[in-house]
Amino acid sequence: TPETAITASIAYFEAGFGCAEAVLTAVAEYTGVESELIPRIATGFCSGMARTGGMCGAVTGGVLALNLLYGRNDASGDKEANYKAIQEFMRIFRERFNDVTCPGLTGVDLGTEEGQQAFKERNLHPRCAGYVGEATRMVLETV
């Protein structure tokens, strides 16, 4: 069930996988996609694009997962279903959480020691686990 995948994504995150890795892995398992590239293809997207203040890893993990579901395999393939799914996912995530960037969602800059310390002190890990679960849910609602 989708709930199983959502629970799995949070469990992966709690076990030490990054946000993008957790979303991608859970969706891939749920949809039966197997690849040696999963989860490592998502690693650099975690923590706001490798702590550069970029997009939330749960969001980029969701985009990667949507690519698994709707992406194309050759240049002549249609991209519109993929783009539409990603646009809708981004719209819903932004509408729900008012942002799609790591700093915007956490209030800290993970690219600095101070930001990493603040992340720990403010106990933001559970907040990010919530983003992971919700991104997974939003992706699976497109299936």
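In the charge count used below, Lys and Arg are positive and Asp and Glu negative, with His and the chain ends left out. On that basis the chain carries 12 positive and 18 negative side chains. Select the two sets separately: their centres lie 4 Å apart. The model is predicted.

**Whole chain**

Show the cartoon. There are eight helices and zero strands, so the pattern along the sequence reads α-α-α-α-α-α-α-α, with helices and strands taken as DSSP runs. Align the view to the principal axes; the C-alpha atoms fill a box of roughly 45 × 25 × 25 Å. The radius of gyration is 15 Å, which agrees with the value near 15 Å for a compact globule of 143 residues.

Next, colour by accessibility. Of the 143 residues, 42% count as buried. Turn on the surface: about 7700 Å² is exposed, and carbon and sulfur atoms supply 52% of that area. If you draw a contact map, consider the contacts with a separation of 6 or more; residues 24 or more positions apart account for 59% of them.

**The core**

Select Ala 58, Phe 89 and Phe 93. These are the residues with the most contacts inside the largest nonpolar core, which has 43 residues. Helices giving two or more residues to this core include H1 (2-14), H2 (19-31), H4 (57-70) and H5 (80-97). Further along the sequence, H6 (102-106), H7 (113-121) and H8 (125-140) also give two or more.

Keep Phe 93 and hide the other two. Which residues does Phe 93 touch, not counting those up to four places away in sequence? They are Val 59, Asn 98, Asp 99, Val 100, Leu 105, Tyr 131, Ala 135 and Met 138.

**Two buried polar residues**

Move to Asn 82, in helix H5. Its relative accessibility is 7%, and because buried means under 20%, Asn 82 counts as buried. Show what surrounds it: leaving aside neighbours within four places in sequence, Asn 82 is in contact with Leu 66, Asn 67, Tyr 70 and Gly 71.

Now select Thr 60, in helix H4. Is Thr 60 buried or exposed? Thr 60 is buried, with a relative accessible area of 7%. Beyond its neighbours within four places in sequence, Thr 60 is in contact with Ala 20, Phe 45, Met 49 and Met 55.

**Backbone stops**

Most residues other than glycine have a negative phi, and most peptide bonds are trans. The next three selections depart from that.

Start with one of the contacts of Thr 60, namely Met 49. Met 49 is in helix H3, and its phi is near 60°, a positive value in a residue other than glycine. Met 49 has a relative accessible area of 30%, so it is partly exposed.

Go to Asn 123, in the loop between H7 and H8. Asn 123 is not a glycine, yet its phi is positive, at about 55°. The relative accessible area of Asn 123 is 53%; exposed means over 50%, so Asn 123 is exposed.

Finish at the peptide bond between Ile 38 and Pro 39. What is the form of this bond? The bond is cis, with omega about 10°. Pro 39 is in the loop between H2 and helix H3 (46-51).

Definitions and conventions: Residues are numbered from 1 along each chain as its sequence is written. This is a predicted model: local features need pLDDT of at least 70, side-chain atom pairs count only at pLDDT 80 or more; totals for chains, interfaces and linings use all residues. Side-chain values use heavy atoms; hydrogens and water are left out. A nonpolar core is a set of buried Ala, Val, Leu, Ile, Met, Phe, Trp, Tyr and Cys residues joined through side-chain atoms within 4.5 Å. Buried means under 20% relative accessible area, exposed over 50%, partly exposed in between (1.4 Å probe, protein chains only). Helices (H or I, at least four residues) and strands (E, at least two) are DSSP runs, numbered from the N terminus. Contact means heavy atoms within 4.5 Å. The radius of gyration is taken over C-alpha atoms; the globule rule is 2.2 Å times the number of residues to the power 0.38. Accessible areas come from the Shrake-Rupley method with a 1.4 Å probe; for residues, only the protein chains shown count as cover. The place of a charge is taken as NZ of Lys, CZ of Arg, CG of Asp or CD of Glu.
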